[in-house]
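Biologist: I'd like to go through this structure with you and ask what stands behind each label. Could we have it in view first?

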Number of protein chains: 2
Amino acid sequence: MAAASAGQLGSLGSLGRQQAAARASPTPRTGWHICGRRGGCGAGGRRRCGALMEPLAVPEEEMPLTAAPGPTGCQLFGYVGIEAVLDQMKIKTMKTGFEFNIMVVGQSGLGKSTMVNTLFKSKVSRKASQPSQEERIPKTVQLQSITHVIEEKGVKMKLTVTDTPGFGDQINNENCWDPIIKYINEQYERYLREEILITRKRKIPDTRVHGCVYFVPPTGHWLRPLDLEFMRRLSKIVNVVPVIAKADTLTLEERAEFKQRIQEDLKTHAISVYPQEDFDQDPDDRVRNDRIREKIPFAVVGADQEHQVNGKRVLGRKTKWGIIEVENPAHCEFPLLRDLLIRSHLQDLKDITHNVHYESYRVRRLNESNGPALTAASPPELPLDPCGSARPLPTLVAVPGPCLG
Amino acid sequence: MAAASAGQLGSLGSLGRQQAAARASPTPRTGWHICGRRGGCGAGGRRRCGALMEPLAVPEEEMPLTAAPGPTGCQLFGYVGIEAVLDQMKIKTMKTGFEFNIMVVGQSGLGKSTMVNTLFKSKVSRKASQPSQEERIPKTVQLQSITHVIEEKGVKMKLTVTDTPGFGDQINNENCWDPIIKYINEQYERYLREEILITRKRKIPDTRVHGCVYFVPPTGHWLRPLDLEFMRRLSKIVNVVPVIAKADTLTLEERAEFKQRIQEDLKTHAISVYPQEDFDQDPDDRVRNDRIREKIPFAVVGADQEHQVNGKRVLGRKTKWGIIEVENPAHCEFPLLRDLLIRSHLQDLKDITHNVHYESYRVRRLNESNGPALTAASPPELPLDPCGSARPLPTLVAVPGPCLG
């Protein structure tokens, strides 16, 4: 790296007004200053200074530039190596691995298991090839989680897939979302109870559901009341990613029309599926996510059979009239779903779960109890009550202690 | 990426014993399985399966390989893209930036400010070029924090440097570590109070001190009682990195001898400076950190002047008998200090601070009060008491709620 001239360095000896203010102060003070090798706060560069913890008497923004006693001198005059932190984080992630938990919901026969296996290119979800008579349709929604560690290029992902057989398969499907909501909340509860322990694990095990893929049957009509009710409730507590299942049963025109109707339905019912507009963090995010939102729900096809197409092996479904290639963007939108869940938004799904959904749950839990404090020393894995609704658990109280007066 | 043959894929349809067990279960179950493109659990590969949350009736380790109904089929049969998470994390860090807080302690005239400026190649620390008579030696230890945002290769670091003028400069230096300990604990308190708020910030501002560089005067003798007392107390609450200041006053032999004596002193007094042996996470860490521990404390020289050496500009100190190049490993160990603090261990300093020192503080705080609950709704920035000792603050109580019986 080229270094600045000695002349520039000489100017570093002069003391900025901010530093002078800090030095004259008898109590700890903090100001801040943007420095950079280029575009820093040297002569001709932009200046942005302001109070951070305790405001200085005169915030530097309000000072005319000429009032400063010369360049304040925080241009970098050599290579520091700050960006090495990216590699340090990478090494740490490769060492420890990470957790990713996904849930699939939809009535039986929509290809949920095949889709998960297609996404993760492995047998990560059970597939009932020949279920017995009793197994065929469970009488209630039964949640089944299987965890696999998938390793690729040295990165280990602990993937948990939670399946929900029985959902939407009954004559009366009232409240069939309850066991699902209960499961999702139980994972938040589990995390919360670990978080408030006095002696905590170095890393709290994360079983929270980061994404819930909801399979809409390819009717080509509208969303059914069950679809709407489920997504309305679930989108408030988890990242819901709706997909049009078995999209090979629809022509391209039917798909486009169905998709548009679903988008209208979601809008009409104020259902905010992932990626939620409210959580876009900056204009870049907005543009990128708008492009995704236009295409939601993705019309997908899953397959775990390979076929020969133009000399290449492709995953697809072979019919008499041709091979539907799942990874071919012209055939279906599986690649969009895979990119969203894994290649572009996996970390964001985890972040939204932690920063938004879990925080909402935590606020709700801590607010709902005006009683005794959430027990910091209670075991983290309390048996949760079987009725499916959250118990009025003890919570942090907002009573000021004796020393706060 | 090459994909597996259709024959291999066909076997994915068969149901592993684990999945069968999961399906038969009426309650949510979770098992886990290591999968990988190579060395997975297919025929001939290694197998590692075991219970994660709820153990399955028969852990797969105990099953003879031949008992499985064919390969259990979790070899990846194509590219998934898991490692894309590394890029997602990188992009997120580049967008949000990160905080790094460092403290320098040592008596006046040991080059603390120059060293910080040398480390970060900028004027990040105030340097009293011409202090007035009163400013020369403060009568008490006064903490001064200055925060700069340093940007390099698109990575933004919010660096806070806390200086401690007055430390060790009095006739009687008893308890001169108190304001420093108070400051460090105040930052933990600040973080704790944010963490337990019901409605929390998405990212808790981190003002905790990630590293405390202690400047040992280059006496060439032993550690003084003040050095020992300070490091003994501080190493329990913060990452202490001792350095031999102004090492250009010592010959290489004197340095080596002094360093060895300091190492013996630290050992005798059971002072565990950073990187602490106890916190090595794996054999790799151990080997890497042992190499660092051999060389601690680094004998350093700081400089913020450039000189011409063999046609190259180098940071150094020019004397009549030659130029001491601070970045030349043959001249001093500044490069080792820079690598430790920035290029190799910055993230680890932050992690140890969060996972060990902050957690210890939190456990202490939550345990020390048997009284009312730590107020989740109290303002995070309470004025801290001026006496320098931690107040007996209200804390989380370990009283079980009414529903836990």
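Biologist: Let's begin with a strand. Which residue is the bridge partner of B:Val149 in strand 5 of chain B?

Modeller: B:Val149 is matched with B:Lys158 there. This is a predicted model, in which local features need pLDDT of at least 70 and side-chain atom pairs count only at pLDDT 80 or more, while totals for chains, interfaces and linings use all residues. Residues are numbered from 1 along each chain as its sequence is written, chains are lettered from A and ligands numbered from 1 in the order in which they are written, and side-chain values use heavy atoms, with hydrogens and water left out.

Biologist: What makes strand 4 and strand 5 of chain B a pair?

Modeller: Strands (E runs in DSSP of at least two residues; helices are H or I runs of at least four, and both are numbered from the N terminus) pair if DSSP finds at least two bridges between them. Strand 4 (residues 144-152) and strand 5 of chain B run antiparallel and have nine bridges, so they qualify. The two form a hairpin with two residues between them, and B:Lys153 in the turn has a positive phi of about 50°.

Biologist: In which sense do strand 3 and strand 5 of chain B pair?

Modeller: Strand 3 (residues 98-105) pairs with strand 5 in the parallel sense, over seven bridges. There, B:Phe100 stands opposite B:Leu159.

Biologist: Why is strand 5 of chain B called largely enclosed?

Modeller: Buried means under 20% relative accessible area (over 50% is exposed, in between is partly exposed, with a 1.4 Å probe and protein chains only). Seven of the nine residues of strand 5 (residues 155-163) are buried, so the rest of the structure largely encloses this strand.

Biologist: On to the rings. How many aromatic pairs are there over all chains?

Modeller: There are twelve.

Biologist: What makes A:Phe167 and A:Tyr214 an edge-to-face pair?

Modeller: Rings of Phe, Tyr and Trp (its six-membered ring) pair if their centres lie within 6.5 Å; planes under 30 degrees apart are stacked, over 60 edge-to-face, the rest tilted. These two rings are 6.0 Å apart centre to centre with 90° between the planes, so both conditions are met. A:Phe167 lies in the loop between strand 5 and helix 6 of chain A and A:Tyr214 in strand 6, so the pair ties together parts 47 residues apart in sequence. Both residues are buried.

Modeller: B:Tyr191 and B:Tyr358 are edge-to-face too, at 5.0 Å and 75°. They sit in helix 6 and helix 11 of chain B, 167 residues apart.

Biologist: Why does B:Tyr191 count as buried?

Modeller: Its relative accessibility is 11%, so it falls under the 20% limit. B:Tyr358, at 0%, counts as buried as well.

Biologist: How do you know that B:Lys203 and B:Glu99 form a salt bridge?

Modeller: A salt bridge is a side-chain nitrogen of Lys or Arg within 4 Å of a carboxyl oxygen of Asp or Glu. Here the closest N and O atoms are 3.1 Å apart, so the pair qualifies. B:Lys203 lies in the loop between helix 6 and strand 6 of chain B and B:Glu99 in strand 3, so parts 104 residues apart are tied together.

Biologist: What separates B:Glu189 and B:Arg193 in helix 6 of chain B?

Modeller: They are four residues apart, so about one helical turn lies between them. Their closest N and O atoms are 3.0 Å apart, and the two form a salt bridge.
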